[in-house]
Amino acid sequence: MSVQYGAISWNRQKKVYDVTVLSLLALYLGSFVGLGAWLHPSATAETLLIRALGTAAFLLLHVVLCIGPLSRLDRRFLPLLYNRRHLGVTTFLLGLAHGGFALFQFHALGNVNPLVSLFVSNPRYGSVADFPFQALGFFALIILFLMAATSHDFWLRNLSAPMWKRLHMLVYVAYALLVAHVTLGALQSETSPVLASALILGVATVLSLHLAAAFREKRIDQARRQAVDEGFVEVCKVDRIAEKCATIVSLSGERVAVFRYDGRVSAISNACQHQNGPLGEGRIIDGCVTCPWHGYQYQPESGAAPPPFKEKVPTFQVKVVEGAVFVHPRPNPLGTHVQPAEIESSQGRRREAQSR
Amino acid sequence: MNDFYIGYLPKAPEGLARFLRRVIAALGVLAISIALLLVMKQMRFANSIFEYGKVRGFEGTIATAPYPSLLVERPGMAGPQSKYSRYLLVAPGKHGADELVAGFDGKKVRVQGQLIYREGGTMVEITPGSITPLDTVPADRESTRDLGAVTVTGEIVDSKCYLGVMNPGQGKVHRDCAARCLSGGVPPLFVTSNGVDQFLLVDPEGHALGHDALREFVAEPITIHGELLQRGESRLLMINASALTHMAGRIQKAPPLAERHE
């Protein structure tokens with residue numbers, strides 16, 4: 001969290017993250033080019049580079065796409081998500097290098113502008129097998145550029161989180177374009193079934209992880225609850241919420257994070273103002289709800305970030321009756337203070353009622 | 001609480017850090033394994049050479065048709081082989097050498113350039129402005145022999161990339177480059193599916209094809225029918241480009257040619 005923009009807000013974890021990513025990339029690129037030059041002495045350096053950079057970008061995009069669902073399925077992967085934007089920018093830069101080399105190699109030094117050549121050299125747009133696959137890669141690169149260029153929090157703030165999120169969902173369009181780029185390009189020339197199998201495995205991994213995560217979240221959204229008292233809806237027994245943690249429920253189509261802490265219960269929107277991270281998967285730390293994605297914090301009773309930060313999320317009326325938590329599904333305006341429900345007094349009233 | 005990660009804190013919880021170290025090690029092994037797999041499973045690269053940066057001098061007779069060539073006399077040549085080695089000539093980049101050799105047809109010259117070769121096919125990328133006429137006797141015109149009609153299956157490529165400037169210089173990935181090279185005047189070559197035979201493609205009159213005549217048909221499997229000619233050590237396949245079709249490509253049979261001399 002920060003109150004002013006910097007080019008990049010470096011911290012130790014980000015540095016460790018980036019050094020690790022660059023080291024793994026260097027390992028991959030070095031292995032590809034080194035082994036390629038050794039096993040294929042006739043191969044030209046530019047061909048090896050184009051292939052190494054292209055496959056690196058495509059593989060990294062798989063990693064980027066898998067981190068989200070992996071983190072939902074296993075919280076231990078959350079640290080990989082913390083600096084995922086740097087992975088996205090790195091993917092774009094690798095793709096740009098691949099595309100730049102390819103554009104020069106295949107289209108430069110000819111009788112038309114290379115960018116024009118990209119679209120007119122192969123006129124077989126009506127064919128599947130002979131489709132101009134390089135154009136697909138070009139459009140994927142444009143999307144990756146848009147995402148990389150708007151990855152900074154400046155754009156997140158100015159575009160608004162939902163709009164920013166929608167823009168960045170285009171990564172799936174880019175991924176589909178790149179799968180087609182590889183299928184209609186390299187796989188039309190290469191004959192080894194291993195390469196086609198590797199692509200299928202990659203796509204299957206991305207799809208299955210997303211489906212598994214979606215199935216898990218669907219259970220939250222499909223749980224049916226009925227209003228029982230002045231519009232309040234019973235969401236769970238208070239005992240089911242671990243101390244300083246939350247349970248996530250879907251009320252009137254909106255996910256609500258219901259936190260238990262210090263003998264009290266508060267309910268706020270589940271969507272972090274920063275990147276729509278799942279606040280309900282976070283923790284109460286230093287008295288604040290802390291987002292598991294990037295550590296943005298909110299006071300549970302008001303949904304407002306502690307000063308000097310300015311983020312706010314909607315709050316919900318909550319009460320605890322006889323050990324059951326009730327939440328009103330109508331969201332309060334951003335940052336509205338709501339008195340937390342007291343667990344002890346509720347249980348005390350229950351004991352009194354039982355003794356009478 | 002111990003396993004909750006906050007990125008802006010100095011250190012990750014120890015248990016989580018241990019897990020992440022294992023994940024990173026696994027990713028490292030995966031990176032090397034995938035690189036090895038992809039490199040090993042690539043198709044073989046052809047044994048083709050472009051002597052980039054190595055400029056040599058050549059002496060021979062320029063033939064501008066059907067495509068610019070340099071006929072270099074074989075020293076002490078005897079037997080059935082052609083008296084001359086034929087080097088196709090191209091300009092730098094994706095361009096043919098028509099402009100560079102204009103005015104030198106049939107003349108003995110010295111030319112500088114970079115050699116390109118693959119399995120007997122040879123080419124020189126001319127250094128612009130390096131052609132100098134010589135006052136020696138030019139080569140005899142090579143006779144042309146009609147080898148009859150043939151139907152062949154293979155791929156249309158641009159001769160410059162196929163012979164060595166790019167590797168691979170054929171196939172779908174190279175398609176756009178081949179189209180651009182042909183469009184720039186690089187001579188079109190037909191390579192049979194088994195890679196054994198190569199024919200320079202010419203029109204039914206034996207002249208150079210239009211630069212963009214084959215653009216739609218390059219780098220895809222195609223069957224073509226044409227009249228085959230032998231000229232020196234080169235084989236020319238006369239085709240009607242306007243009659244080419246995708247996949248089951250058929251072209252009109254060219255009129256039979258009597259043996260002729262240019």
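This passage describes charged side-chain pairs in chain A and the surroundings of one residue in chain B. The structure is a predicted model, and every value below is computed from it.

Charged pairs make a friendly starting point. Side chains of opposite charge can pair when their charged atoms come close. Over all chains, the structure holds 25 salt bridges. One of them joins A:Arg51 and A:Glu190, with 3.7 Å from N to O. These two residues come from distant parts of the chain, 139 residues apart: A:Arg51 belongs to helix α2 (residues 45-73) of chain A, whereas A:Glu190 sits in the loop between α10 (186-189) and α11 (193-222). A:Glu190 has a relative accessibility of 14%, which is under the 20% limit, so this residue counts as buried.

Helix α2 of chain A also carries A:Arg72, and here the picture grows richer. A salt bridge connects A:Arg72 with A:Glu217, and the closest N and O atoms of the pair are 2.4 Å apart. Because A:Glu217 lies in helix α11 and A:Arg72 in helix α2, this salt bridge ties together parts of chain A that are 145 residues apart in sequence. Both partners are buried: the relative accessibility of A:Glu217 is 15%, and A:Arg72 has a relative accessible area of 17%.

A:Arg72 has another partner as well, since its side chain meets that of A:Glu281 in a salt bridge of 3.1 Å, N to O. This pair again links distant parts of the chain, 209 residues apart, with A:Arg72 in helix α2 and A:Glu281 in the loop between β5 (264-269) and β6 (283-285) of chain A. A:Glu281 is buried too, at a relative accessible area of 16%. Through shared partners, salt bridges join A:Arg72, A:Glu217, A:Arg255 and A:Glu281 into one network.

Attention now turns to chain B. B:Phe50 is part of strand β1 (residues 49-63) of that chain. Along the chain, B:Phe50 and B:Val124 are 74 residues apart, while their C-alpha atoms are separated by 9.3 Å. Leaving aside residues up to four places away in sequence, B:Phe50 touches B:Gln114, B:Leu115 and B:Ile116, together with B:Glu125, B:Gly164 and B:Val165.

Terms used:
Residues are numbered from 1 along each chain as its sequence is written. Chains are lettered from A and ligands numbered from 1 in the order in which they are written. This is a predicted model: local features need pLDDT of at least 70, side-chain atom pairs count only at pLDDT 80 or more; totals for chains, interfaces and linings use all residues. Side-chain values use heavy atoms; hydrogens and water are left out. A salt bridge is a side-chain nitrogen of Lys or Arg within 4 Å of a carboxyl oxygen of Asp or Glu. Helices (H or I, at least four residues) and strands (E, at least two) are DSSP runs, numbered from the N terminus. Buried means under 20% relative accessible area, exposed over 50%, partly exposed in between (1.4 Å probe, protein chains only). Contact means heavy atoms within 4.5 Å.
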